[in-house]
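Me: I'd like to go through this fold with you, one question at a time. Could you walk me through the helices and the sheet?

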Amino acid sequence: MAAFLRVLALAFLAVLAGSGVGGQKKKEMVLSEKVNQLMEWASKRSVIRLNGDKFRRLIKAPPRNYSVIVMFTALQPHRQCVVCKQADEEYQILANSWRYSSAFTNRIFFAMVDFDEGSDVFQMLNMNSAPTFINFPPKGKPKKGDTYELQVRGFAAEQLARWVADRTDVNIRVIRPPNYAGPLMLGLLLAVIGGLVYLRRSNLDFLYNKTGWAFAALCFVLAMTSGQMWNHIRGPPYAHKNPHTGQVSYIHGSSQAQFVAETHIVLLFNAGVTLGMVLLHEAATSDLEVVKRKIMCMAGIGLVVFFFSWLLSIFRSKYHGYPYSFLMS
């Protein structure tokens, strides 16, 4: 009887071991099919478009030994999401840089879920804004750092690549397609300047015009102090449209980020303050009639007060808790 029980127990353990091996093989087969499917799609398009069914099967459902960077967006024209189109261009550059480089591997894939093709995915993730970038790691759920801080870091491909390297240890060297617009514009500008110098070769006094050089220097300073270089490095969106209310924000609410429209506004306000100061200087030093000098003085004071008040108001809206204001709260 004891021998019979031992044989029965051994048989039971063999069945359990066989079922475990079978289950493991099944998981490996499912995983292999998923990886092969993703590799096939990635070989055709660097960014894989997903709907609700594909998202649940390839990303949410186990097993998975690969990371997936997903951009949740709304690219259809009736959505009027300008930022989505701009972010999509940078995302495509990043994905193409990965696809056609030595970094191409089955450890990571790039995908996209459009709201009109996968609204159920947006509801599943309680997502109410676009574009949004999320890294889905091989194991477990996405953590806080797996959601890209778009408003802070911008959507430039280089910034996205740094974030991808931080979350997945896959380093991607961004390779941008050649852009000949800049060199062509520079060549055209140099040709125009060269033509003017040639036409005025008999009289080059204009090169010593202090007012012209001062105006050029002032334009450069205004452009740099308004944040144009930050825009060039970070690639922020022009503005932000609230998907619920439709309200467009031109001023970013954080001191750590800005919109392109915000730099244009700040540039305009700085130019207004500068113009006011120039008028005050001219009113104090020119030989014009007293009445004209008074008008210039009042106009200068008005410009300085008005535009400085606006600048201070923007500063207060970005640095919450700043106690001082002037005319405008």
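Me: Is the crossing in which α3 passes α6 left-handed or right-handed?

Reply: Bear in mind that this is a predicted model. The axes of α3 and helix α6 (residues 157-168) cross at roughly 55 degrees and come within 9 Å. Angles from 35 up to 65 degrees fall in the oblique class, so α3 and α6 are oblique to each other. As for the hand, α3 passes α6 in a crossing that is right-handed.

Me: Which residues of α6 does α3 meet there, and how do the contact residues split by class?

Reply: On the α3 side we have Glu90, Tyr91, Ile93 and Leu94, and they meet Ala157, Leu160, Ala161 and Val164 in α6. Sorted by class, this contact comes to 7 nonpolar, no polar and 1 charged.

Me: Let's turn to the sheet. What is the order of its strands?

Reply: It's an open sheet of 4 strands with mixed pairing. The edges are β1 (47-49) and β4 (132-136), each of which pairs on one side only. Neighbouring strands are turned against each other by 30 degrees on average, ignoring direction. Reading across, the order is β1-β3-β2-β4.

Me: How many bridges join β2 to β4?

Reply: Strand β2 covers residues 67-73, and it runs antiparallel to β4. In β4, Thr132 has Phe72 standing opposite. The number of bridges joining β2 to β4 is 5.

Me: Which strands does helix α2 lie across, and at about what angle does α3 run to β3?

Reply: Helix α2 (residues 52-60) lies across β1, β2, β3 (108-114) and β4, and its direction is about 155 degrees to β2. Helix α3 (residues 82-99) also lies across β1, β2, β3 and β4. Its angle to β3 is about 160 degrees.

Me: Now for the transmembrane part. Which residues does UniProt list for "transmembrane region", and what percentage of residues 265-283 is helix?

Reply: The unreviewed UniProt entry lists residues 180-199, 211-230, 265-283 and 295-315. In the model, residues 211-230 are 90% helix and 0% strand, with the end C-alpha atoms 29 Å apart. For residues 265-283, the end C-alpha atoms are 27 Å apart, strand is 0% and helix is 100%.

Me: Why does α8 count as oblique to α10, and which residues of α10 does α8 meet?

Reply: Helix α8 (residues 210-225) packs on helix α10 (residues 260-285) at an angle of about 135 degrees, with the axes 9 Å apart. Because that angle is over 115 but not over 145 degrees, α8 is oblique to α10. The crossing itself is right-handed. From α8, Leu218, Leu222, Ala223 and Thr225 meet Leu267, Asn270, Ala271 and Thr274 in α10.

Me: How do the residues of that contact of α8 with α10 divide by class?

Reply: There are no charged residues in it. The rest divide into 3 polar and 5 nonpolar.

Me: One last pair: how does α10 run relative to α11, and is their crossing left-handed or right-handed?

Reply: The axes of α10 and helix α11 (residues 290-318) come within 7 Å and cross at roughly 150 degrees. An angle over 145 degrees counts as roughly antiparallel, so that is how α10 runs relative to α11. Their contact has 21 nonpolar, 4 polar and 4 charged residues. The crossing of α10 and α11 is left-handed.

Technical notes:
Residues are numbered from 1 along each chain as its sequence is written. This is a predicted model: local features need pLDDT of at least 70, side-chain atom pairs count only at pLDDT 80 or more; totals for chains, interfaces and linings use all residues. Side-chain values use heavy atoms; hydrogens and water are left out. UniProt positions are given in the numbering used here, feature names are shortened, and annotations may be inferred rather than shown by experiment. Helices (H or I, at least four residues) and strands (E, at least two) are DSSP runs, numbered from the N terminus. Axes are lines fitted to C-alpha atoms, for helices over the stretch in contact, and angles run from 0 to 180 degrees between N-to-C directions. A crossing is left-handed if the near helix is turned anticlockwise from the far one by less than a right angle, and right-handed if clockwise. Contact means heavy atoms within 4.5 Å. Ala, Val, Leu, Ile, Met, Phe, Trp, Tyr, Cys and Pro count as nonpolar, Asp, Glu, Lys and Arg as charged, and the others, Gly among them, as polar. Two strands pair if DSSP finds at least two bridges between them.
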